[in-house]
Amino acid sequence: MSRLTTGGQIDRSQKIAFQFDGRTFQGFKGDTLASALLANDVRLVGRSFKYHRPRGILTAGSEEPNALMQMGLGDQTTPNVRATTQELHDGLIAASQNRFPSLAFDLLSVNDLMAPFFSAGFYYKTFMWPKSFWEKLYEPIIRRAAGLGALSGKADTALYDKAFAFCDLLVIGAGPAGLMAALTAAKGGLDVILADEDFTLGGRLNSETFEIDGQPGRDWAAATVAELAAMDNVRLMARTTVTGAYDGGTYGALERVSHHLSTPPKDRPLETFWRIVAKRAILAGGAIERPIAFPNNDRPGVMMAAAVRSYANRFAVAPGKAVSVFTNNDDGHRTARDLVALGITVAAVIDTRREAPYGEGYPVLKGAEVTDTKGRLGLREVIVRTESGQKTIKTDCLAVSGGWNPSVHLTCHMNGRPVWREDIAAFVPVENAIPGLLTVGAALGDFSTHAALATGQKAAATVLAEMGKTTSAEKLPKAEDAPIALAPFWHVKGTKGRAWLDMQNDVTTKDIVLAHQENFRSVEHMKRYTTLGMATDQGKTANMGALAIMADLTGRSIPQTGTTTFRPPYTPVAMGALGAHGAGKGFAPERLLPSDTVGRELNAHFIELGLWYRPSLYPLAGETHWRHTCDREVRMVRGTVGITDVTPLGKIDIQGPDAATLLDRVYTNSFSTLPIGKVRYGLMLREDGAVLDDGTTARFGENHYVLTATGGAAGLVMTHLEFCTQVLWPELDVSVFSVTDQWAQYSIAGPKARDLVNALVDDPVTNESFPYMSCGEAMIGGVKARLFRISFSGELGYEIAVPARYGDALARALGEQAKALGGGWYGLEALNVLRIEKGLLTHAEIDGRVTPDDLGLGKMVSGKKDCVGKTLSGRGAMLAEDREQLVALKIPGEVNAFSGGGHLFKVGEKMITANDQGHITSHCFSPTLGHPIALALLKNGRARTGEKLVMKDYARNLEITCEVCAPVHLDPKGENLRA
Amino acid sequence: MLDLVAKSPLSGLLSLTQGSVALTEATPASIISIVPFKGRAAEAEAALQSAYGVGLPPLGGVSQVAQNRVLWFGDGQYLLIADRAEMPKITEIAAVTDQSDAWAVMHLEGRDAAAVLARLCPIDLRPEYFSKGQTARTEVAHMPAIVTPTVNGFEIMVMQSLVKTAVKSLHSAMKSVAVQKM
Amino acid sequence: MRINCPNCGDRDVREFHYRGSAKLLNRPAPDAGEAAFVDYVYLRENPAGLNRELWFHEMGCRSWIVAQRNMSTHEFAGTELARNAKRGAK
Amino acid sequence: MRYSALQVLRNGLTGNKSWKPVWRNPTPKSHYDVVIIGGGGHGLATAYYLAKKHGITNVAVLEKGWLGGGNVGRNTTIVRSNYMLEGNMKFYSHSLRLWENLEQELNYNVMLSQRGLVVLGHSDGQVEALARRGTVSVMEGDDGVLWSREECRARMPYLNHDDARFPVYGALMHQRGGTARHDAVVWGFARAADMRGVDLIQNCEVQGLRIENGKMVGVETSRGYIGAGKVGMTVAGRSGQVAEMAGLRLPIESQVLQAFVTEGLKPILPTVIAFGMGHFYISQSDKGGLVFGGDLDGYNSYAQRGNIPMMEHIAEAGMALMPMIGKAKMLRSWGGINDMTMDGSPIIDKSPVENFFVNCGWCYGGFKAVPGSGDCFAHLMATGNPHPAANRLLLNRFETGRLLDETGNGASPNLH
């Protein structure tokens, strides 16, 4: 065990048992999985992506490239979890990834031996022969070798949630800078959200031995957090990563709500994705320590120096028995001092600087460089080049510090390009990269605790002033203010062997050299060619080193060479959280008919149409095929009476002195001439001349119309009318208001339709009192209803609308009365057949491309007036000879069916594009005619009645011969409608 | 004679309680859209004043006297929510439609009502920015909604055909908040 | 992205539907001819800077809004109701 | 230097020291027979085919930034030809055939993986429309097979077949569809064009077009004036700006489309899948990341980044369709500038300015068009006549009404 006996922010009274790769270990409350593994001397935790190199824990944060784990077993297993951020909890089960058969013995580690042939981009240069081998052989092998963790392939059943939050100030990061900023702003009266990815707020104060105002930094942090928690205007969000900065002060944030719990209570989400809208933001995200590239710098036991301090100080773990440090700055010495203070042996501090500080209690090798390491599954020794020659140091942990990179990530999300700061040899955020966001502390490149507190306080004061609030004169707490003493040093030169830059994607310094050699010299080419920075950490620890090497190779400075940029999210976000509530039925609202319950009681088959659930069939007992039901329902309508729920048709109420003018402008035909109490069929175009929708409009008064849009186009038509009244002609005095949800509307069709209507209405109607295309009011059981005499089946038809609260009751009454007359409910399948038999358009013909003329409705475009789309519907090609026109098709005596996938050809011609004559738009078997019929769009179709054609559906492999006929199969004079 | 039995849109779905928050149905006698014709707003207001004792609210506002309320509903558009089921006789000066059956009305109330609604609704619900006397047309769980602060929470109106999803979404948010506030 | 609806104030972009150039305010006269309508319906300036454009507050007050927005930065320079907007500008 | 397994082996044994630059860094000449503006996939492919098929090698490709830095370097890498309208179908079919020989032709592995592309239908109507697309494909000599509901369940068990809001009714399998490695396409064309003498000039921004007597004679660039016999424009989202330099307005709006990739995962998704209801499509890259995307954000933009609502919508659609991806973590998101035309189909044509040719309007689907577009544009620029595969992709179709509107949404670019 490497657990120190005292210290740290772990609770030794709460022991936690967990598993890693099948073995059971023990840790404490307050541990991360990584700290608990280190405490148990587990150093080898994973295999690298390409070469399957043994890897250990590198960092103590979310930038971790190596320690990615498969968590949990079975269907709900989670891949690629960073051990460095996963809180330990009882029963946690983790497994290493990307190895077979075991972590210690991985067959694919043979890749490491093949490394000379697996140089950057080698796959672009081979695997091309023979041609067919890519999909069959090469690619499957590459795919199997690639990838890290695995999904189970089974549905994720975890609960995820989303939420919105608003604040005056969002503080991102709860280290000294963030805490100071939040405290100052909150005391000044702002609504503050303070978010931090860690489960304990305080940032580096939890991992360092700094003092603030004479007390340990971590105690100051805890006290400040407690003070903030007590304030009403502060929301503390621990375990919450701000993942992205977007327009308008909107930030995405992921809260890990339950990952730290063994058995989350029912209803508690696993994660919540927040959208935080902040008037101002302060980025206090700290900095990420950067490595130094040297040969075999990827062995388990090589760690970042700050991570070593985190494990020792915060988690009370000795990361090694004899730790050495490789540094180019004073921070490396801090590591040594902290370890010595904890009684951990420091073998040496290898400092690249000749002017390195003196080490108290540890040896210092000045002007020295690590040139190699040894130890297959874990570090054993490092080889050091000093001015006095080569030295070998026995060490099982090498803490590396190459300086710090400010966490500029969020500031890049809106195209901000970080700028170079020579004194710290790092990129810092460019000002105003995100409107309203200020950067403070280490994220700004000011690394001391004093600077963190001071910049945090100052930024909060700026925000307060901008928002018209005053800052209370708070004294700045006292803290260390040591400058970062750093001599830039990126990689050890003059060595053999591979030195890793991107640990996860296995990119070495040699790959950068090769990229340069092959002229992939722009940073983006280099990244893409070598895959540097493309792994799960987005190159947080890798990009700078590679940039420095490329700068070296091209003889340019680092800022001339390029910059590092990052895209959202800051750390990866589960699809489940981003897509929370999308699974199952949650993807879109469910819209139910007033007769929904009635339909369900009748075991109707429902289908999804737009947002609505609509019955397609009302099968009776004994009907085993949908056609049985559909045919019966069609015969029922043609023979007696059928009812169907047409509530989804868009009902738009149009009132005002200019109501008629509006309708005349949006419809091709005239509505100002429609008498009150009458209904007219209308055709509406888009401005580009294509048909937008068809439907009926009823006139209830001089200035009052009710327009009906087809169900699928209801929203579109409403928006179009609002566009017309607000954008095109705001001078019109007219109101357009949706009343779709107000009315439950039923269609009644069939020879006995009037009998059914009269069984319900208080005052019976006759053909004379209420002729075809009439509208008016009627009383049903004392309820005021709207009655329409319209038909979409070719039969005598009515529609009745009642306020929706009576919809269920009316549906039941209709059902009973229809049954008494020998009729009943019919669904969309039958409705479709009825329409096609009558040659009426289904929504399939109005495909957004057809013109009135294509549909044979050219004469509906009034020559006397303008309307939307009129001019462009008259363009040459819109009326051309070879355009497809609506026709009907039939297959007399055939049992074979049409197909909606069918295209049409002249008999005997090769069925290829060049000979294409048109295609089927809708089709059915007509029980009335006894054979299949269809509607089709056919080149010059109206002139081709009687012609035989071949229909071919290649996707279903169907072929039939059919005949062009007139669209109206039944009652061509419309006598039934008017009966 | 036929007797059509009315069914309220939320019957059988509500009430629900979770933690500190309750979701209940409200059934105002009538909801009526009023869009005064051009230049007729003052007349419309006077007519409403005399019939219901309540005037037209300002942008985004609610005017209320006793049980009669007028909600701002859009540019020059209003919703009268009244204690009696009849249409105002103002068809000469305003476009008027009966919306009584178009909307389902819910009350989401209790200490954490705002936290619940913030899981589903993208507007700023902080009381400094949104409180009694105001109203907003916005979305709740991807559905068009009218959200109006009450003394102890919010009145939420959604299209009646969408109540199943609305209740399901609100209930799931109520559960999520309740368990996290434990 | 947030859009300042002249009626409703600052709202999330998710409540809005976009309809492109505010050129659509200027429908040609009925007798303007095909070329004028082709230009109106199809041809666009598509600037990389400030664009005058139409948004519809679909999941809000259902107002059509004319916005000035920088297409390179997404910054808004102002919004007004389409019914009040100046016509005739390109 | 010819690439081969042997070459990889030889270099591996000698420390990879002898690999040569993949392209030169030439200094711009004062005049070229052809100047192509835009060093993306379309521009590089055009230059390659000009040299290869038409023997025109005095060609420069001018790139503002780095080669392939536009949409070709930021897309979801899908290759397909399953269109419905004849004018599009024959073009994309032609392009797909070029894809199928690209690796051998370019001597560069672009990793074309014809793993199949499945488009799902969620109503009888959608399935019928898919069948029609399949039929149209086969009519053009391509492929398309309809899968029944039962076949979908058997072949794609990881889709939600049980309690879906929009259940799967059927699907169209386009077996020759799939993916390719986007950067490799750029580098392959660049290398092949460079080898034939084409000058690829990076960091060279075109700032003006010189037109004399209605004829294009050259371009003003950040690296000086370059004379040109002919100028071709292949600048995707920036088409509006370049066309404006020539005094032209186009039927195009530039819109943002986001795309996403998850962390690397072991193989789980064998084909490309497109949701028919919620604007979501997904495939798994050879590196293991799930690459997915959806609809346009819906507004004009040159910012190359999108916003949260569409990202959420796409993820929700993903969860609705295949809830197995819930525990996959989205790693990166990016945005491209899409030159959306008013009918959703591209334009390869002459312009009213003599010797100035336009290749634009690729909407969100330019990647799969790269070889076809290059071939057809080169043909047009070399011969003055449209390539037979692209003879419907003309600029004047908006005047004549001979539109190519696959989705039927009319002149609303964000709806295509």
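Here is an informal walk through this predicted model, from one small chain to the cores, an interface and some single residues. Residues are numbered from 1 along each chain as its sequence is written, while chains are lettered from A and ligands numbered from 1 in the order in which they are written. Because the model is predicted, local features need pLDDT of at least 70 and side-chain atom pairs count only at pLDDT 80 or more, whereas totals for chains, interfaces and linings use all residues; side-chain values use heavy atoms, with hydrogens and water left out.

Let's start with chain C. You'll find one helix and six strands there, and from the N terminus on they run β-β-β-α-β-β-β. (Helices are DSSP runs of H or I with at least four residues, strands are runs of E with at least two, and both are numbered from the N terminus.) The C-alpha trace of chain C spans about 40 × 25 × 20 Å along its principal axes. Of its 90 residues, 57% count as buried, where buried means under 20% relative accessible area, exposed means over 50%, and partly exposed is in between, using a 1.4 Å probe and protein chains only.

How much of the contact pattern in chain C comes from residues 24 or more positions apart? They account for 46% of the contacts with a separation of 6 or more, a contact being heavy atoms within 4.5 Å. On the outside, chain C exposes about 3200 Å², and carbon and sulfur atoms supply 49% of that; accessible areas come from the Shrake-Rupley method with a 1.4 Å probe, and for residues only the protein chains shown count as cover. As for charge, chain C carries 14 positive and 11 negative side chains, with the centres of the two sets 3 Å apart. Lys and Arg count as positive and Asp and Glu as negative, leaving out His and the chain ends, and each charge is placed at NZ of Lys, CZ of Arg, CG of Asp or CD of Glu.

Now for one oddity in chain C. Asn46(C) has a phi near 50°, a positive value in a residue other than glycine. Asn46(C) belongs to the loop between helix 1 (34–42) and strand 4 (50–56), and it counts as buried because its relative accessibility is 4%. Chain D has an asparagine to look at too: phi of Asn107(D) is near 55°, in the loop between helix 4 (102–106) and strand 4 (117–121). Asn107(D) is buried, with a relative accessible area of 5%.

On to the cores. In soluble globular proteins, nonpolar side chains tend to be buried together. A nonpolar core here is a set of buried Ala, Val, Leu, Ile, Met, Phe, Trp, Tyr and Cys residues joined through side-chain atoms within 4.5 Å. The largest one has 150 residues, and those with the most contacts inside it are Leu33(A), Trp99(D) and Phe189(D). Helix 7 (residues 182–195) of chain D gives the most to this core, with eight residues. A second, separate core of 74 residues includes Val666(A), Leu674(A), Val734(A) and Trp64(C). Going back to Leu33(A), its contacts beyond four places away in sequence include Phe18(A), Met69(A) and Leu92(A).

Chains A and D also meet across an interface, with 123 residues of chain A in contact with 122 residues of chain D. The area buried between them is about 10100 Å², and carbon and sulfur atoms give 56% of it. (Buried area is the accessible area, with a 1.4 Å probe, that two parts lose on being put together, summed over both.) Arg143(A), Met575(A) and Phe587(A) supply 9% of the area that chain A buries against chain D, more than any other three residues.

Helix 10 (residues 523–530) of chain A is worth finding next: eight of its eight residues are buried. Among them are His525(A), Lys527(A) and Arg528(A). What do the buried residues of helix 10 pack against? Their partners include helix 9 (509–517) and helix 11 (543–554) of chain A, together with helix 7 of chain D. Right after helix 10 comes Thr531(A), whose phi is positive, near 70°.

Finally, look for two cis peptide bonds. One joins Trp129(A) and Pro130(A), with omega about -20°, and Pro130(A) sits in the loop between helix 2 (110–113) and helix 3 (133–145) of chain A. Another joins Leu14(B) and Ser15(B), with omega about 15°; Ser15(B) is in the segment before strand 1 (16–18) of chain B.
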